[in-house]
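Open the model in your viewer and keep the selection panel at hand. We will start at the ligand and work outwards.

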Amino acid sequence: EKGGFEHFMLKEIHEQPDALRNAIRGRLDFNLGSSVLSGMGTSARDLAEISRVVMVGCGTSLHAGLVGEYAFEDLADVHAEVQQAAEFRYRNPLITRSDLVVAISQSGETADTLAAVREANQKGAFVMGLCNVVGSTIARETGRGVYLHAGPEISVASTKAFTCQVAVLLMMAVKLGRGRRFSRDEGIRLAREIESLPELVEKTVRQSDKIAGVAQRYAQNEHAFFIGRGYLYPVALEGALKLKEISYIHAEGYHAAELKHGPIALLEEGTPVVALAIDIAGKDKTLGNVEECRARGARILGVVTEGDEEAAAFMDDVIEVPRCHPLVATIPTAVALQLLSYHIARHRGCDIDQPRNLAKSVTVE
Ligand code: M6R
């Protein structure tokens, strides 16, 4: 049932090109430069009335929402925010009927996310689900939304659900954007980039053996930092979450600019810093932060754009991801980090598919 793979996690990482193909299939409209997401059940007029997108979720789904925040603001010109679902539920959020609340959940059963859906329904918001499991409670209670079609995810560590969540959020943002300032040409350009995601991820997954070699050099450390800026900030958080949950290494994800405000005090000779320095806005600043880490003796593993020798020169070790649209690049970058975590955990002999203390879906508060 693991299809020849040693663990479900590795199988699901390798399934991502197909999972993305399924998440994207039939949903891009190259004529209108938009996307077709019929489950949203919205007319262009409904979408035009949305003044804010509020995403709710937990864990990896929360991180996908953080990428979504950038996508909605940059592509759709609409104010967007993401809230941890439990926080949303208990803070008495300010919600109006022009808010679109998107509940992001692979399982569709996470207790806090479900409670957030009920709260948003109470407040009269326009509520949608972004779920993988068809017919799950959140999918049913939202009544509208978009399924990921990523296929069953067995491993506790979420991989293909995350990349498909981000892909669907990008398509939602394109759709919303087309009702606003986003032009047809821009829409078509982005739709083409989204369409190429399966290949981009395929290329990244093919580096699994090389990443395993890099991972070996980091498997004995007990602490690690992940840094990134802009679109890569949420990916840094996700990379750290993945590493800690399956390898039990204490990993922290930070905005690269935050390091100087405290965490840099923890760097010692050989402390690993995973720097997300692909060639998008903010790269130079991140490289500056890499220098600061190196000056404290940190060992730097850089994730850089294929062929970017300038960035590679700052790093002790390098993982490359293919060049593509900056928002789209979050996906292959996340895949590279999934493989890194997997191989580190494997070198450490961890129980990868069933990490201690964790359940696949958290149905209690
Ligand atoms: O099923 P959900 O997407 O609602 O689950 C949310 C989190 O429990 C989940 O993403 C968790 O953080 C994963 N173990 C991360 O790999």
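## Start at the ligand

Select the ligand. It sits in the largest pocket. Remember as you go that this is a predicted model.

Which elements give two or more residues to the shell around the ligand? Colour helix H4, residues 59–76, and helix H12, residues 232–247: these are the two. H4 gives the most, with three residues.

## The shell

Now select every residue within 4 Å of the ligand. You should have 13 residues around the ligand. Show the closest as sticks: Ser-61, Ser-105, Ser-107, Thr-110 and Glu-245.

Colour the shell by class next. Eight of its residues are polar, three are nonpolar and two are charged.

## Polar contacts

Zoom in on Ser-61. A polar atom of its side chain is 2.6 Å from a ligand oxygen.

Move to Gln-106 and display the backbone. Here a polar backbone atom lies 2.7 Å from an oxygen atom of the ligand.

Then pick Val-156. Which ligand atom does a backbone N or O atom of Val-156 lie 3.1 Å from? Look for a nitrogen atom of the ligand.

Switch on the surface. How much of the ligand does the protein bury? Taken alone, the ligand exposes 420 Å², and the protein buries 91% of that.

## Zoom out

Hide the sticks and show the whole protein as a cartoon. Step through its 15 helices and twelve strands.

Draw a box along the principal axes. The C-alpha atoms fill roughly 55 × 45 × 45 Å.

One last check concerns the overall fold. The protein has 365 residues, and a compact globule with that many would have a radius of gyration near 21 Å. The protein has 20 Å, so its value agrees with that of a compact globule.

Definitions and conventions:
Residues are numbered from 1 along each chain as its sequence is written. This is a predicted model: local features need pLDDT of at least 70, side-chain atom pairs count only at pLDDT 80 or more; totals for chains, interfaces and linings use all residues. Side-chain values use heavy atoms; hydrogens and water are left out. A polar contact is a pair of N or O atoms within 3.5 Å; within protein, one must be able to donate a hydrogen and the other to accept it, and residues adjacent in sequence count only if both atoms are side-chain atoms. Accessible areas come from the Shrake-Rupley method with a 1.4 Å probe; for residues, only the protein chains shown count as cover. On a 1 Å grid over the protein atoms alone, a cavity is a set of points where a 1.4 Å probe fits but cannot get out, and a pocket is an open set with protein on both sides within 12 Å along at least five of seven lines; lining residues have an atom within 4 Å of a point. A molecule sits in a cavity or pocket if more than half of its atoms lie within 2 Å of its grid points. Helices (H or I, at least four residues) and strands (E, at least two) are DSSP runs, numbered from the N terminus. Ala, Val, Leu, Ile, Met, Phe, Trp, Tyr, Cys and Pro count as nonpolar, Asp, Glu, Lys and Arg as charged, and the others, Gly among them, as polar. The radius of gyration is taken over C-alpha atoms; the globule rule is 2.2 Å times the number of residues to the power 0.38.
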